[in-house]
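Here are some exercises to work through with the model open beside you. Try each task yourself before reading the solution.

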Amino acid sequence: MKQWEFNRRYVLQGVAAIAAAAAAGGIPGLSRAAGDLKLWAAGIHKVGAKDWSAMSSQAGIGIAYTTKSARADEAIQKMVVGDGNKLFDAMTDNGGGMENALGSQKAIVPLDTTKIPNWKNILPSYNDGGLAAHSIRYDGKVYATPMISNADSMAYDYKKLGFHPTSWEVLFDSQFKGRAALQNDFGPTLTNMAIYLKESGKIEIGNPSDMTPNEVKAVCQYLIDYKKKGQFRTFWDGFQNGVGILTSGEVLVSSCWEPIQIVANRKTGDKADIRYGSMKEGHQAWNNIVMLTKGGHERGMDAAYYALANVYLSPWFGARTLAGLGFGAQMVGVDDYIKSHPKDFPAAKQAEVLDILTRKNERLANKGNAWQNVFPKHLRAYQDWWARLQAA
Amino acid sequence: MSEDIATTVLQSAGGGRDVPASPSPWRRWLGENGLQKWAFYVPVIFLVLFFVLPMATTVVWSVFERTQFWMEPGFTFFAYENFFTSARAENYVYSMIHSAWAVVISFALGFPIAVFVRRRVPRAAQHRVILLFILPFMISELVRVFAMRPILGRYGVLNSLFMDIGLIDEPITAILFSPLGVVIGDVVSFLPFMVFAGFLAMEAVQPYVFEVCDDLGARTLRTFRDIIVPLAAPGIFAGGIFIFVNGLGVALVPIILGGPGAVNAGLIVNQAIVALDFPLAMAISTIMIATLVALLYIGHRLFDLTKILEPIN
């Protein structure tokens, strides 16, 4: 036998043996893979362990996870014009736009909520007529299960400021000239600024989530004016960037996501006291949702999807996402769960998490809030005016 | 005729052994009229597949109609009109200016290093010294650019140092989150391109040139300005193009070191894609390609870029 024949023969024999063992269920990782729920999701959509094992064991299903960014273009390209439906059974994204986009393109399928036992615990705002009801529905049908939510606000260094800001006004305060920052994303930034300008009576705006071109122009011109005065140090882009400008002391006030404030505060220790405020004018509210893809439905993965959706609506998940990254739970009773699980949430942690929950509920209840809109009607105006703000 | 000569040569080389008069079919298939002939077309096929086709697609898509989530065939210059009538053109020009500054500073810092290595470092060690400039490339660019923040920041190393030695009373804030910050980031990121290109370009400057200059009493600055730079111009230009194109297209630097809303051309394209405006993204890419081609054309007319390969030849 020649050497190369020996190698080839033994490699083939080895591969055949592994395949046979996998088919017989002898190798757990490989044998289970065929029935796993192929989930395309962001890392922030899991709790309990660094990998998806805790989520997997809570749901009682195998999860084959693929990392996903929060970019709408990536999801649309993959699911509408790409091979997303072949690759994924379920996917996560932003509510308030993506369920419409993907539902209208038949990339996802409507849900039977009776198959999700925890659906009965869902926040009342998701019921028909509720403030967030539209964010999980398309064409009157439920297409998504909400997982996390928040009302974005502003982080500030209490040690340096010496007071707790309660208005977006502080971003434009001359004493913080060159020490203020905004998110480098026209969606949340223009919505939050529109809420502020509308509620403070500075500019007349109909719907801060879906502004007319003239309203977009007015909001951007207001920001351009302050940008030219040197009010803003930078517009942050990306999680680490958002954390970095706060921990380094470059900025004292910054509109940002709550996890940024939580991580920045943990990193700075005693050097700073970075907190997350509640703005009296209101905030952009948003959620993330999980959807069953058309491909997943065709492959018969409905039951696995519903099992995962049930976990997302369980207080087990809600309490942990709240305690970990400060995201809002999507079910009622999460406070009771935290109180009744002192092993997982010792007294100090309980106090901290319940405080976050109280402030979050206060923010979410603000009448000035506007819901995130991934695809505003006049998207072109948002794009063009944002470019002008960048150039100013 | 040539085959006869080859046969004669082979026969004589074989010391009288029998050599087949005509090559075997296998040899013929591999020979000059077989596969070898087609081998010359491989680069052309590669160029067409990976350069011409993507470019052509970019240009064609740039005149397509935008739909809600994608685009559909059509013929409209709306994306170009939008580019030039919105502030994107302004952002693009700023991006070119910042990149041009990065080229100038990189030349001022990098080319003298290349000259120094060629002139002063023993020939056997020159390549090793130049290879040292590859080391920064072993670290992720993201890390390299992010590492500039603790150096340039309000409470960063530079400001602390300057304040400690009494040079300044207040931190300098213009070196981070500003256009200057972007230029510094570009220089730090892309300086090795100038060193490499400059080093190669210096192959065109023979050692005796320095000796002649010395003998004629030319001062260092004059030798550099009137002799070295003109001789090495094609290589310097090539290095400059690398830096310019990267400054224009690499979005990391303005994101991490730029001021409020700082962008470069790459970031403008990225933002258009995020907003699902694919024809606009393609139009900006087409403009970037046109800019590069124009620069290469000007460079070739001025410096004859084929000279870059002369030292190798």
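One reminder before starting: this is a predicted model.

**Exercise 1. Describe how helices H15 and H16 of chain B pack, beginning with the handedness of their crossing.**

Solution.
Step 1: Look along the pair. H15(B) and H16(B) cross in a left-handed way.
Step 2: Find the two helices in the sequence. H15 covers residues 265-274 of chain B, and H16 covers residues 278-303 of chain B.
Step 3: Take the distance and the angle. The two axes come within 7 Å and cross at roughly 160 degrees.
Step 4: Turn the angle into a word. Angles over 145 degrees count as roughly antiparallel, and therefore H15(B) and H16(B) are roughly antiparallel to each other.
Step 5: List who makes the contact. H15(B) contributes B:Ala265, B:Ile268, B:Val269, B:Ala272 and B:Ile273, while H16(B) contributes B:Phe278, B:Leu280, B:Ala281, B:Ile284, B:Ser285 and B:Met288.
Step 6: Sort these residues by class. The contact between H15(B) and H16(B) has 10 nonpolar residues, one polar residue and no charged ones.

**Exercise 2. Is B:Leu276 buried or exposed?**

Solution.
Step 1: Locate the residue. B:Leu276 sits in the loop between H15 and H16 of chain B.
Step 2: Check the backbone. Phi of B:Leu276 is near 60 degrees, a positive value in a residue other than glycine.
Step 3: Count the surroundings. A residue with 20 or more other C-beta atoms within 10 Å is buried; B:Leu276 has 24 of them, so B:Leu276 is buried.

**Exercise 3. Now do the same for A:Lys106: is it buried or exposed?**

Solution.
Step 1: Locate the residue. A:Lys106 lies in the loop between helix H6 (98-104) and strand E4 (137-138) of chain A.
Step 2: Check the backbone. For A:Lys106 too, phi is near 60 degrees, a positive value in a residue other than glycine.
Step 3: Count the surroundings. The cut-off for exposed is 12 or fewer; A:Lys106 has 11 other C-beta atoms within 10 Å, so A:Lys106 is exposed.

**Exercise 4. Which residues does A:Val311 touch, leaving out those up to four places away in sequence?**

Solution.
Step 1: Place the residue. A:Val311 belongs to helix H13 (residues 302-312) of chain A.
Step 2: Read off the contacts. A:Val311 touches A:Met55, A:Gln58, A:Ala59 and A:Phe317.
Step 3: Judge the burial. With 25 other C-beta atoms within 10 Å, A:Val311 is buried.

**Exercise 5. How does the spread of chain B compare with a compact globule?**

Solution.
Step 1: Take stock of the elements. Chain B has 16 helices and two strands.
Step 2: Compare the radii. The radius of gyration of chain B is 27 Å, well over the 20 Å that the globule rule gives for 313 residues, so chain B is more spread out than a compact globule.
Step 3: Look at the box. Along the principal axes, the C-alpha atoms of chain B fill roughly 90 × 65 × 35 Å.
Step 4: Add the burial. Buried residues account for 35% of the 313 residues in chain B.

**Exercise 6. How many residues does each chain bring to the contact between chains A and B?**

Solution.
Step 1: Read the two counts. Chain A gives 28 residues and chain B gives 24 residues.
Step 2: Find the largest share on the chain A side. H17(A) provides it, with eight residues.
Step 3: Divide the chain A side by class. Its residues are 10 nonpolar, 10 polar and eight charged.

Technical notes. Residues numbered from 1 in each chain as written. Chains lettered and ligands numbered in written order. Predicted model: local features only at pLDDT ≥ 70, side-chain atom pairs only at ≥ 80, totals over all residues. Axes fitted to C-alpha atoms, helices over the stretch in contact; angles between N-to-C directions. Helix = DSSP H or I, 4+ residues; strand = E, 2+ residues; numbered from the N terminus. Parallel < 35°, antiparallel > 145°, perpendicular 65-115°, else oblique. Left-handed = near helix turned anticlockwise from the far one by under 90°. Contact = placed C-beta atoms within 7 Å. Nonpolar A, V, L, I, M, F, W, Y, C, P; charged D, E, K, R; others polar. Rg over C-alpha atoms; globule rule 2.2 N^0.38 Å.
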